[in-house]
There are 2 protein chains.
Amino acid sequence: MKLETTPTGFTISLNGHAILRHTALTPAFYVGHGDERMAMYRGNFDIEDYVIERSALRYAVVDGDTVTLCEREGQPTRLVVKLTDTALEFSAEDPSINRFWMRVVADHDEHVWGGGEQMSYFDMRGRRFPLWTSEPGVGRDKTSEITFKSNVEGKAGGDYYNTNYPQPTYISSHRYALHVETSAYSVFDFRRKTFHEIEAWAVPERIELYAAATFVELVEILSARFGRQPQLPEWIYNGAIIGLKDGTNSFTRLEKMKEAGVKVSGLWCEDWVGLRHTSFGARLFWDWQANEERYPGLRERISQLHDEGVRFLGYVNPYLCVDGPLFEEAEKAGYFAKDEFGRTALVDFGEFDCGVVDFTNSAAADWFADSVIGGKMLDYGLSGWMADFGEYLPIDVELANGVDAKLMHNQWPTLWAEVNAKAVASRGKTGEALFFMRAGYTGVQKHCPLLWGGDQSVDFSRHDGLVTVICAALSAGLLGNAYHHSDIGGYTSLFGNVRTPELLMRWAEMAAFTPVMRSHEGNRPRDNVQIDQDPEVLAHFARMTGIYVHMAPYLKALSAEAAAKGLPVQRPLFLHYEHDRNTYGIQDSYLYGSDVLVAPIWQAAQSERAVYLPEGSSWTHVWSGEQYSGGNEVTVASPLGEPPVFYRSDSPFAGRFAELRTL
Amino acid sequence: MKLETTPTGFTISLNGHAILRHTALTPAFYVGHGDERMAMYRGNFDIEDYVIERSALRYAVVDGDTVTLCEREGQPTRLVVKLTDTALEFSAEDPSINRFWMRVVADHDEHVWGGGEQMSYFDMRGRRFPLWTSEPGVGRDKTSEITFKSNVEGKAGGDYYNTNYPQPTYISSHRYALHVETSAYSVFDFRRKTFHEIEAWAVPERIELYAAATFVELVEILSARFGRQPQLPEWIYNGAIIGLKDGTNSFTRLEKMKEAGVKVSGLWCEDWVGLRHTSFGARLFWDWQANEERYPGLRERISQLHDEGVRFLGYVNPYLCVDGPLFEEAEKAGYFAKDEFGRTALVDFGEFDCGVVDFTNSAAADWFADSVIGGKMLDYGLSGWMADFGEYLPIDVELANGVDAKLMHNQWPTLWAEVNAKAVASRGKTGEALFFMRAGYTGVQKHCPLLWGGDQSVDFSRHDGLVTVICAALSAGLLGNAYHHSDIGGYTSLFGNVRTPELLMRWAEMAAFTPVMRSHEGNRPRDNVQIDQDPEVLAHFARMTGIYVHMAPYLKALSAEAAAKGLPVQRPLFLHYEHDRNTYGIQDSYLYGSDVLVAPIWQAAQSERAVYLPEGSSWTHVWSGEQYSGGNEVTVASPLGEPPVFYRSDSPFAGRFAELRTL
C-alpha cells in the first residue's frame with residue numbers, strides 16, 4: 001500500500017491501483033451521527049436511518065503513514081487514518097460519531113462481487129447492499145404476489161439484498177479485495193460511476209485491503225484471512241443425505257428409497273427432538289435432546305444405521321423453549337440474554353417463547369457446546385445437524401459482555417458457528433461430524449464446515465427459487481466458504497405455491513454437482529411432492545445420487561484443494577478465465593472445480609439451454625460427448641436428467657467424466 | 001415575533017410560544033447538499049435522495065434582527081436568518097447548498113394539520129410528508145391488492161402522502177401557522193416528539209409564521225395570505241352537475257334524469273373534444289375545441305340547455321396532442337417546453353404524444369388563456385370545465401424562464417390555475433364560469449375557484465375511497481381553499497374493482513352537504529353502475545339533489561362568508577370547538593359551515609354510526625329530530641338516504657334544516 005500526498009490531499013494505492021483519491025473538493029471520508037429506527041419481526045427488520053449530521057472531512061494532514069482529517073483547516077481532528085501493510089486503521093475521539101462513509105475510487109466498467117452470501121445479484125455493481133443478518137425474505141421481489149402476501153402477513157417478503165449471511169467484504173475486478181472490520185450495520189453502495197461508498201454505523205476498527213495478480217490468489221488470501229474449513233468427511237461420498245421428519249416412519253421410507261437405488265450417506269431427521277402442536281401446524285420442540293416418544297430406541301437405530309454405512313443427523317438452534325427441561329437449567333445458571341429489567345429475555349416464535357442463550361457469556365457458550373451439543377447430540381450418536389438460525393439476536397437485549405446488541409447482532413452467526421465447532425472439536429470429530437448453517441458473518445468461515453443456502457421458495461422464481469442458490473454459492477465461495485449446498489426442491493411453500501416434480505428433479509440435477517446432496521421435505525410436507533412419492537422423481541433422484549457418487553473422486557480432489565488453498569468447490573467462471581470478461585457477469589452457471597462447467601436448468605419447461613463456454617479451453621458436453629471450443633455461447637438439449645454439464649477436454653478426470661453418459 | 005439570545009444560542013417565539021430554540025448542542029438549522037434521483041412515470045415519481053453533506057450550524061451570532069450561522073466559531077458563514085414581522089428570511093452565499101433543514105419546537109401532545117390537500121391523514125403528527133405534486137396513487141396502501149397491482153403495472157400504487165396538491169404550510173394546535181415559501185421539493189417530518197423538521201431541497205426564500213388567538217382567525221389570515229375565491233356562481237344552486245361522456249346520447253340521458261326528479265345545474269361532457277381510440281379503450285382527444293363529429297350542433301344545444309337553466313361544462317388540460325391542429329399553432333409560435341436539444345419536448349400519455357405548453361413563457365400562457373380557453377371554450381358557450389392535470393411537469397424539460405424544471409414542478413399547478421383564471425377574467429366571467437382542479441400548490445387559492453378531490457377508487461377503502469375526500473376538503477380548507485367537491489361514486493375502477501349501488505348512494509349523500517354536487521361516470525363507465533341505470537340509485541340521487549337545493553340558502557351564506565373571511569365551507573370540528581380537544585383528531589366527519597355537522601357513512605353495510613358531537617352546543621339529528629348535548633359520542637341509525645347529519649339547535653337556519661325530514 002502506498003500513500004502519496006497531492007496538492008490538496010492524498011492518494012492511497014495498492015499495487016499501483018488507486019483506492020482512495022482525496023482532495024478538498026472530493027473528500028474520501030465523511031463522518032457524522034444518526035438516529036436509526038430498527039424493528040424486528042421474526043427475523044425480518046424494518047430499518048430506517050435519520051442522518052443528523054454528515055460532515056465532509058475536506059482537510060487532510062499527512063504525516064508518515066498517518067492521515068489526520070477534519071472539516072476545515074484549524075478545526076479539531078475528526079478522524080485519524082493509519083496505514084499498515086494491509087489495512088487502514090481508524091480512530092476517532094468524538095464518541096458521538098456513529099456514522100462513517102468512505103469513498104473508494106471506481107471505474108465505470110468495474111465489477112464487484114462478494115458481500116457475503118448474496119442470493120439475487122452476484123455482480124453487485126449498480127446496486128446498494130445493506131449488510132445486516134436477517135431472514136432473506138419470501139419471494140424477495142416487490143413485483144411478485146408471494147412477496148406482497150408475505151409482506152402483508154408478516155413483513156416477510158424481503159428484497160434483493162436480504163440474506164442470512166452478509167459480510168462487508170468485496171472483490172473488485174481490479175484484482176483487489178476490501179474488507180471492513182466491523183460488526184455494525186453497514187452498507188456497500190455500488191451505484192455510482194466514479195466511486196463506491198462504504199457506510200458503517202460505527203467507525204470501523206479497520207478496512208483491510210488485499211491485492212493479488214490473479215483472482216485465484218486473491219481468493220486464497222481471503223480464505224486464509226477468514227479461516228478455512230476441514231475436508232468433507234469421508235462418509236458424505238456415499239450418497240445423499242435424506243431429509244425426513246416422519247418419526248419412525250422415516251426409517252421405513254429410507255429403506256424403500258435405498259431399495260429404489262438411492263445412494264444414501266445420511267438420514268437427517270429434524271424432528272428427532274419431537275414435535276409441538278400449534279395452530280400453525282406441527283413445529284419442532286426446541287429442547288435439544290432425543291425424543292423417545294417420537295423416536296423410540298433412537299440410539300440403537302442410529303448405531304444400526306451406522307453399521308449399514310448411513311449416518312444420522314439432527315437439528316439444533318440457539319434458543320431453548322420455556323417448557324423444555326434445558327431452559328430451566330440454563331436459566332438457573334444465568335445463561336440467557338436479559339431484558340432491560342435483568343430478567344430472561346423471551347422471544348416469541350409463534351405460540352411458544354424461548355430464551356436466547358448468551359454466547360458472549362463464555363460459561364453459557366461452553367455449556368451449550370459441551371453439555372447440549374456435545375452431551376445430547378454427539379455423544380448420542382449424531383454425525384451432523386442443521387445448526388439453524390443465528391440471525392435473530394434481538395437488538396434490545398442485554399448481553400453478558402456489555403456490548404450493545406446492535407453491535408453483536410451481525411456477529412451472532414459467527415458466535416453460533418463457534419459454539420458448534422467447539423462442540424465438535426471437544427469430541428475429536430472435526431472433519432468427521434458435519435453441521436450446516438444458513439446464517440453467517442465475517443469469521444463464520446473458520447468455524448462452519450458447510451453452508452446451506454437457507455429457505456428458498458419451492459419454485460423457479462428469479463429471486464427466491466433454484467437459481468438463487470448458485471449466486472449464493474459463488475458469492476460466499478469467493479470469501480472463503482468452500483462448501484455450499486441447498487435444500488433439494490426448496491423449502492418455503494406458502495399461499496398455494498407448491499413444488500412440481502420438475503422442480504424437484506431440476507434441483508437434484510444441480511445438487512449432484514455440488515459438495516453435498518441433501519433433500520428436504522419442506523415446510524409443508526403433505527402439500528408438496530416428495531422424492532419417494534412419484535416413481536419418475538424417485539428414479540431420477542436415484543440416478544443423480546449415482547452421479548454424485550461417481551463424481552466422488554473428483555470432489556475429494558476439490559475438497560483437498562479447498563483445505564489446502566481455500567478455493568471453493570463451486571466457482572464463478574471468471575476465477576479461472578479472468579482474461580475473458582464475458583464471464584464477469586455470469587451467475588447462472590458455475591465451474592465445479594476447475595474442470596467441470598455446470599449450467600443448471602433453473603426455469604420451467606426448458607428443453608435446451610444456451611451456455612457460455614469460457615475462452616481458452618475446449619469443452620466436452622457430458623451427455624452428447626460433443627466438443628466445443630471456448631469463447632462461444634452454445635445451445636444444448638437439456639431434457640430431464642441431462643442438465644447442461646461440460647468438462648474440460650484436457651482434464652485428468654476426463655475419463656471419469658465421460659463415464660457419466662453411461663449412468 | 002421575538003428573538004432572544006441565550007447562553008449558546010437564541011430563541012425565536014411567536015405570541016409567547018417558542019418556535020425555534022437554538023443551542024450549540026441542539027442546533028435549529030442544518031444545511032448541506034444532496035444528489036437526488038427522480039424518475040417520473042405518468043405522473044408517479046420515484047424519488048431517492050443521497051445526502052452528501054448535512055452540517056449542523058451550531059454557532060450563532062445574533063445582531064439585531066439577524067442571526068448569522070456557521071458550523072463552529074471562526075468558520076465562514078453558512079446561513080443568514082433575518083427576522084421580519086411575519087417571517088424568517090434566509091440567505092446563503094454558498095451556491096452548493098441545496099439541502100436545508102430547520103427544527104421547530106414541538107410538544108408531545110401537539111397536533112398539526114395542512115400540508116395542502118392530504119388524502120390519508122388530517123392530523124399529520126407522527127408521520128413524514130414529502131411535498132411534491134404528483135399522481136396520488138391508486139389504492140395508496142401497501143397492504144392492499146389494488147396498490148400492489150397498480151405498482152406492478154405502472155408504478156401507480158402511491159402512498160399515504162402522495163397528493164395532487166401538496167403545500168408546505170401547516171397549522172399547529174399551538175395556534176400558529178408555518179409556511180415555507182419555496183417551490184423546491186420539501187418534506188414535513190412530524191415524527192419526533194420534541195421537534196418538527198422542515199426540509200427543503202433549496203434554501204427557502206423565507207419561512208412565514210402567523211399566530212392568532214383562535215383557529216378561525218388563523219384560517220382567515222392564511223386565506224388572506226394565499227388568496228380567496230369568489231362566491232359560487234348562482235347557477236350552481238340549481239342542483240347537481242351531471243357528468244356524462246356519451247356523445248349526443250348525453251342529452252337524452254340528462255332529460256330522463258330530470259324527468260326522474262333530478263335537480264340539475266349543469267351537464268358536464270368531458271368528451272366534448274371527441275375521442276381517440278387506443279388499445280386501452282377510448283381516450284379524449286387532447287385538442288381543446290368542440291368536436292362536431294361527436295357533438296353535432298353543440299353550440300346550439302348549449303344555448304338551448306342554457307335557456308332551460310342548465311349550464312354546459314367541458315374539459316381541458318395543459319397539453320396538446322401532436323396530431324391536433326392546436327399543436328401545430330403552438331409549435332410554430334414556440335410555445336412548448338423544450339428538450340435538451342431545443343426541440344419540443346414530447347410526453348407519452350399512452351399511445352399518443354403531447355407537447356407541454358410552457359406557462360413560464362407569458363406569450364404562451366396568454367395564448368392558451370385567450371385563444372384556447374377564451375376563444376374555443378368560453379366564447380363557445382362553456383360555463384365551466386375540469387382543468388385537469390398540472391402535476392406532470394417533467395423535471396428534465398427546458399423552460400422559457402430558464403429556471404430548473406425541478407424548481408418549477410411544484411409551481412406548475414398554480415401557473416395552470418392562473419391561466420384558467422385569466423381566461424375567465426378576460427371574458428368578465430369571474431364568479432360565473434366555474435372550473436375545477438385537482439392539482440395545486442401554494443397560491444392556487446388565488447386562481448382556482450373550486451377544488452375537486454382527484455381520482456378516488458370506486459370503493460370504501462381507507463386510503464383511496466370515499467372517506468379520503470373528507471380529509472382532502474378539511475386539510476385544503478384550512479389553507480384557504482373554501483370550496484371542495486369530489487366525483488360522486490369515485491373514479492378509478494381497475495382490476496375488477498367496481499362501484500356498488502351502495503357506494504354511489506353513500507357518496508351522493510355526502511355530496512349533498514358539500515359546495516358542489518357533481519357526478520362522474522368513472523374511467524370505465526360500462527363496467528360500473530351509473531346513476532341512471534338503477535331505479536333505486538336514481539331515486540336516491542334525485543332526492544339528494546333536492547336536499548342540496550333545499551340547503552342552497554344556507555350554502556349561499558357560507559359562500560358569502562368564504563368570500564369575506566376565507567372560511568371554508570367544510571370545516572374540521574375543532575375550528576369552532578377549539579376548547580374541545582376530542583375534536584382534534586377527527587377526520588371522518590366535518591362541520592358544513594358552523595351550524596351543520598356531517599358524519600358520512602364511509603364504510604359498507606353500516607346501519608348506524610357513532611358520531612362525536614363537540615362540546616358546547618346542542619345538536620339536533622336531522623332525520624329523527626332528536627336533540628343531543630355536545631361533548632358526547634352518540635350512535636344514530638343510518639339507513640340509505642339518512643346519513644348522520646346534525647344541526648345546531650340554535651342555528652338561525654334551524655327551521656330550514658328541520659324541513660330536510662320532509663324531503
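Which residues touch the most other members of the largest nonpolar core? Select A:Trp286, A:Trp288, A:Phe312, A:Leu320, A:Phe368, A:Phe513 and A:Tyr592, and you have them, out of the 157 residues in that core. Bear in mind as you go that this is a predicted model.

**Stop 1: the cores**

With those side chains shown, add helix H6 of chain A, residues 362-378, which gives the most to this core, with 9 residues. Then centre on A:Tyr592. Setting aside residues up to four places away in sequence, A:Tyr592 touches A:Ala512, A:Phe513, A:Thr514 and A:Pro515, then A:Met551, A:Tyr554, A:Leu555 and A:Leu558, and finally A:Val569, A:Gln570 and A:Val598. Apart from this core lies another, of 156 residues; to find it, pick B:Leu218, B:Trp235, B:Cys471 and B:Leu503, which are among its members.

**Stop 2: two annotated spans in chain A**

Colour residues 254-555 of chain A next. UniProt, in an unreviewed entry, lists them as "domain: Glycoside hydrolase family 31 TIM barrel". This span is 35% helix and 15% strand, and its end C-alpha atoms lie 25 Å apart.

Now give residues 566-651 of chain A another colour. Here the unreviewed UniProt entry places "domain: Glycosyl hydrolase family 31 C-terminal". The span is 0% helix and 36% strand, with 21 Å between its end C-alpha atoms.

**Stop 3: the cysteines**

How many disulfides does a search of the whole structure find? The count is 0 over all chains. Try A:Cys448, for which the nearest cysteine sulfur belongs to A:Cys471, 19 Å away. A:Cys448 counts as buried because its relative accessibility is 3%. Over in chain B, select B:Cys354: the nearest cysteine sulfur, that of B:Cys321, is 5.6 Å away, and B:Cys354 is likewise in no disulfide. With 0% relative accessibility, B:Cys354 counts as buried.

**Stop 4: A:Ser457**

Back in chain A, follow the loop between strand S30 (451-452) and helix H10 (468-478) until you reach A:Ser457. Is A:Ser457 buried or exposed? Its relative accessible area is 1%, so A:Ser457 is buried. Draw a distance from its side chain to that of A:Asp464, and you will see a polar contact of 2.7 Å. Beyond residues up to four places away in sequence, A:Ser457 touches A:Val138, A:Gly139, A:Asp464, A:Gly465, A:Gly490, A:Thr492, A:Asn497 and A:Trp507.

**Stop 5: B:Gln445**

Cross to chain B and show helix H9 (residues 444-447), where B:Gln445 is found. B:Gln445 is buried, as its relative accessible area is 0%. Which side chain makes a polar contact with the side chain of B:Gln445? Look to B:Gln167, at 3.0 Å. Leaving out neighbours within four places in sequence, B:Gln445 is in contact with B:Tyr165 and B:Gln167, with B:Phe226, B:Gly227, B:Arg228 and B:Gln229, and with B:Leu479, B:Gly480 and B:Asn481.

**Stop 6: the two chains together**

Finally, zoom out and superpose chain B on chain A. A turn of 180 degrees and a shift of 0.0 Å along the axis does this, with an RMSD of 0.0 Å. The two copies are therefore related as by a two-fold rotation axis. To locate that axis from chain B, select B:Arg54, the residue of the chain that comes closest to it, with its C-alpha at 2.4 Å. The same surface serves both copies, as 100% of the contact residues of chain B recur in chain A.

Technical notes. Residues are numbered from 1 along each chain as its sequence is written. Chains are lettered from A and ligands numbered from 1 in the order in which they are written. This is a predicted model: local features need pLDDT of at least 70, side-chain atom pairs count only at pLDDT 80 or more; totals for chains, interfaces and linings use all residues. Side-chain values use heavy atoms; hydrogens and water are left out. A nonpolar core is a set of buried Ala, Val, Leu, Ile, Met, Phe, Trp, Tyr and Cys residues joined through side-chain atoms within 4.5 Å. Buried means under 20% relative accessible area, exposed over 50%, partly exposed in between (1.4 Å probe, protein chains only). Helices (H or I, at least four residues) and strands (E, at least two) are DSSP runs, numbered from the N terminus. Contact means heavy atoms within 4.5 Å. UniProt positions are given in the numbering used here, feature names are shortened, and annotations may be inferred rather than shown by experiment. A disulfide is a pair of cysteine sulfur atoms within 2.5 Å. A polar contact is a pair of N or O atoms within 3.5 Å; within protein, one must be able to donate a hydrogen and the other to accept it, and residues adjacent in sequence count only if both atoms are side-chain atoms. Copies are superposed by least squares on the C-alpha atoms of residues with pLDDT of at least 70 in both.
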